[in-house]
Amino acid sequence: MTLTQQRKHELINEHQVHETDTGSADVQIAMLTERINRLSAHLKSNKSDHASRRGLLTIIGRRKRLLAYVQKEDLSRYQALIAKLGIRG
């Protein structure tokens, strides 16, 4: 369920704002989205895993706060990010 180092580097390279960026809100949202997708798939096959479900809700809340921050700071960046990640359908 965890992200591999290789996948993390791919996400960072896709979503970084500048050359040395590894922790901007865009990168964090991309990583959280990847974790949410993996946990959602896990919970489809393991319906009774309530600890993972609680963790999923925590991750969703963290991503929601970061998205609100990006939306407040730069609306065009926010719209591009949600389109790129395929969230807020």
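This report looks at two buried residues and the nonpolar core of a predicted model.

**Starting near the beginning of the chain**

Let's begin with L3, which sits in the segment before helix α1, a helix that covers residues 5–15. Is L3 buried or exposed? L3 has a relative accessibility of 12%, so it counts as buried, since buried means under 20%. Now look along the chain to L32: 29 residues separate L3 and L32 in sequence, while their C-alpha atoms are 10.0 Å apart in space.

**A buried histidine**

Next, find H15, which belongs to helix α1. H15 has a relative accessible area of 6%, so H15 is buried.

Which residues do L3, H15 and M31 touch? The table leaves out residues up to four places away in sequence.

| Residue | Residues touched |
|---|---|
| L3 | K8, L11, M31, E34, R35 and R38 |
| H15 | D21, D26, V27, A30, L81, K84 and L85 |
| M31 | L3, K8, L11 and I12 |

You can read one pair from both sides: M31 is among the residues that L3 touches, and L3 appears among the contacts of M31.

**The nonpolar core**

Now turn to the largest nonpolar core, which has 22 residues. Which of them have the most contacts inside it? They are I29, M31, L67 and L85. Two or more residues of this core come from each of α1, α2 (25–45), α3 (50–73) and α4 (75–85). Of these elements, α2 gives the most, with nine residues.

Two of those well-connected core residues also appear in the table: L85 is among the residues touched by H15, and M31 is one of those touched by L3.

Terms used: Residues numbered from 1 in each chain as written. Predicted model: local features only at pLDDT ≥ 70, side-chain atom pairs only at ≥ 80, totals over all residues. Heavy atoms only, no water. Helix = DSSP H or I, 4+ residues; strand = E, 2+ residues; numbered from the N terminus. Buried < 20%, exposed > 50% of the residue type's maximum accessible area, 1.4 Å probe, protein only. Contact = heavy atoms within 4.5 Å. Core = buried A, V, L, I, M, F, W, Y, C linked by side-chain atoms within 4.5 Å.
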